[in-house]
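Reader: I am new to structural terms and would like to see how each label is earned. Please take me through them one by one.

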Amino acid sequence: MSARTLPLLFLNLGGEMLYILDQRLRAQSIPGEKARKGEWRAGAGHVMNDIISTMFNKKFMEELFKPQDLYSKKALRTVYDRLAHASIMRLNQASMDKLYDLMTMAFKYQVLLCPRPRDILLVTFNHLDAIKDFISDSPAILNQVDETFRSLIETYNCLSDGEFQLIRQTLLIFFQDMHIRVSIFLKDKVQNSNGRFVLPISGPVPWGTEVPGLIRIFNHKGVEVKRAEFTTAGNYVTPQREGSFELYGDRVLKLGTNMYSVTRPVETHMSGSSKNLASQAKENIAPNPLAKEELNFLARLLGGLDIQKPAGGETGFRLNLFTTDEEEEHAAQTRPEELSYKVINIEAKQEPGRRAELSRILGELEVAEPRPGSAEKGEDLLALMDGL
């Protein structure tokens, strides 16, 4: 497991989340009245600004970039629940489930298609380039994103190919049991009916490699003595240039760009294998000996995320990721119980509420009982929250 994987996982999933929310906000901003439409579009921009500002909070990013192992899917999902509600927008359980499914399957597909492990960084840059377009009229938030860009360049540009390979393997292990069918992928025939992706056998080869079809044979002195050609099953081409790993530049690679820029319906369905996995075992049934450390980190992350509450008489609005309310309600009723999550809100300033919320986290993540002589369960969390 790579200790440098978490920032890439978080930023890429966050980028996909913003793509989806932007598409749905646009889709829901077409009422009959032009005046209301103008107000709605302004509100949509405000929602995106709030979420992006929270996502790239300086303190949050500092915690994120510290070397550490990935934590559980349930803990990660909790962070995105909180992040998605960092504005006046609200999503109910079924829409949040669908949002997270789309996020994870899109990034899983991008990781699988990366020509070389290092290109995962280009995918991340594509997401951040698009996020900067969302907030191009907000210099303060734009500066937050640029700071994260610089942290990525400083942290990852110096890593070896072997370290990027370890990052890619860590990501694939994280995604290995996720086989959610997505309508866009099914229609484009890049995903099978069982939720598994179809990988292409043609196209550009990784930068720095040659098109397959030639075998060179060398003697013990390193001199080429013979060549043999063979026919390949795919149609490979040499890439024209390498993508830019700088703050500004042409990434060349298109993975990680916004696939929702052309409006089309997106549905998700649980594949048969995923249903079986969900029914066979629930995540985190066995106590995790590292759960205490995981909770400490999660508390620091959640403590840095401030939920925006409507001011005065302003009311929030609900975003629906389904075509109709009936579809959303049906999805909520048919969702496997094992995959349901709750939004966890932590109010660090209120003592009774804080302890209650921390208690809920402890219950959600099923923390191992402390060993004799160790601190009481949740004690460190309370101390951390006091310091935020």
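Author: We can begin with Tyr-236, bearing in mind that the model is predicted. Tyr-236 has a relative accessible area of 29% and is called partly exposed.

Reader: Why is Tyr-236 called partly exposed?

Author: Buried means under 20% and exposed means over 50%, with partly exposed in between. Tyr-236, at 29%, falls between those limits, so it is partly exposed. Its place is in strand 6.

Reader: What makes Val-211 and Pro-212 contacts of Tyr-236?

Author: Contact means heavy atoms within 4.5 Å. Leaving aside neighbours within four places in sequence, Tyr-236 is in contact with Ile-201, Ser-202, Gly-203, Val-205, Val-211 and Pro-212. Tyr-236 and Val-211 are 25 residues apart along the chain, and their C-alpha atoms are separated by 6.0 Å.

Reader: How do you know that strand 4 and strand 5 pair?

Author: Two strands pair if at least two bridges are found between them. Strand 4 (residues 214-218) and strand 5 (residues 224-229) have five bridges, in the antiparallel sense, so they meet the rule. Arg-216 has Arg-227 in strand 5 as its bridge partner. Five residues lie between the strands of this hairpin, and there Gly-222 takes a positive phi near 85°.

Reader: What makes the phi of Lys-189 worth a remark?

Author: Most residues other than glycine have a negative phi. Lys-189 is not a glycine, yet its phi is positive, about 60°. Lys-189 is found in the loop between helix 9 and strand 3. Its relative accessible area is 68%, over the 50% limit, so Lys-189 is exposed.

Reader: Which value of phi does Val-252 have, and where is the residue found?

Author: The phi of Val-252 is near 65°, again a positive value in a residue other than glycine. Val-252 is found in the loop between strand 6 and strand 7. At 30% relative accessibility, it lies between 20% and 50%, so it counts as partly exposed.

Reader: What makes Phe-10 and Tyr-80 stand out in the largest nonpolar core?

Author: The core has 80 residues, and of these Phe-10 and Tyr-80 touch the most other members. Helix 1 (residues 6-27) gives the most to this core, with 12 residues. Beyond its neighbours within four places in sequence, Tyr-80 is in contact with several residues, among them Leu-9, Phe-10, Leu-13 and Tyr-100.

Reader: Why are Tyr-80 and Tyr-100 called a tilted pair?

Author: There are 11 aromatic pairs by the rule used here. For Tyr-80 and Tyr-100 the ring centres are 6.2 Å apart, within the 6.5 Å limit, so the rings pair. Their planes are at 50°, neither under 30 nor over 60 degrees, so the pair is tilted. Tyr-80 lies in helix 4 and Tyr-100 in helix 5, so the pair ties together parts that are 20 residues apart in sequence. Both Tyr-80 and Tyr-100 are buried. Ring pairs also link Phe-10, Phe-60, Tyr-80 and Tyr-100 into a cluster.

Reader: What makes Tyr-109 and Phe-185 a tilted pair?

Author: Their centres are 5.1 Å apart and the angle between the planes is 50°, so both the pairing limit of 6.5 Å and the tilted range are met. This pair links distant parts of the chain, with Tyr-109 in helix 5 and Phe-185 in helix 9, 76 residues apart. Tyr-109, at 13% relative accessibility, is under 20% and so counts as buried. Phe-185, at 4%, is buried by the same cut-off.

Reader: Why is helix 4 described as largely enclosed?

Author: In helix 4, 11 of the 12 residues are buried, so the rest of the structure largely encloses it. Lys-74, Arg-77, Asp-81 and Arg-82 are among the buried ones. As for its span, 12 residues at 1.5 Å a residue should cover 16 Å, and the end C-alpha atoms are 16 Å apart, which agrees.

Reader: How many residues of helix 6 are buried?

Author: The number is 14 of 16, so helix 6 is also largely enclosed by the rest of the structure. Helix 6 (residues 119-134) reaches 23 Å from its first C-alpha to its last, close to the expected 22 Å.

Reader: Is Cys-114 buried or exposed?

Author: Cys-114 has a relative accessible area of 7%, under 20%, so it is buried. Cys-158, at 62%, is over 50% and therefore counts as exposed. The structure holds zero disulfides.

Technical notes. Residues numbered from 1 in each chain as written. Predicted model: local features only at pLDDT ≥ 70, side-chain atom pairs only at ≥ 80, totals over all residues. Heavy atoms only, no water. Helix = DSSP H or I, 4+ residues; strand = E, 2+ residues; numbered from the N terminus. Expected span 1.5 Å × (residues − 1). Buried < 20%, exposed > 50% of the residue type's maximum accessible area, 1.4 Å probe, protein only. Disulfide = S-S within 2.5 Å. Core = buried A, V, L, I, M, F, W, Y, C linked by side-chain atoms within 4.5 Å. Phe/Tyr/Trp six-rings, centres within 6.5 Å; stacked < 30°, edge-to-face > 60°.
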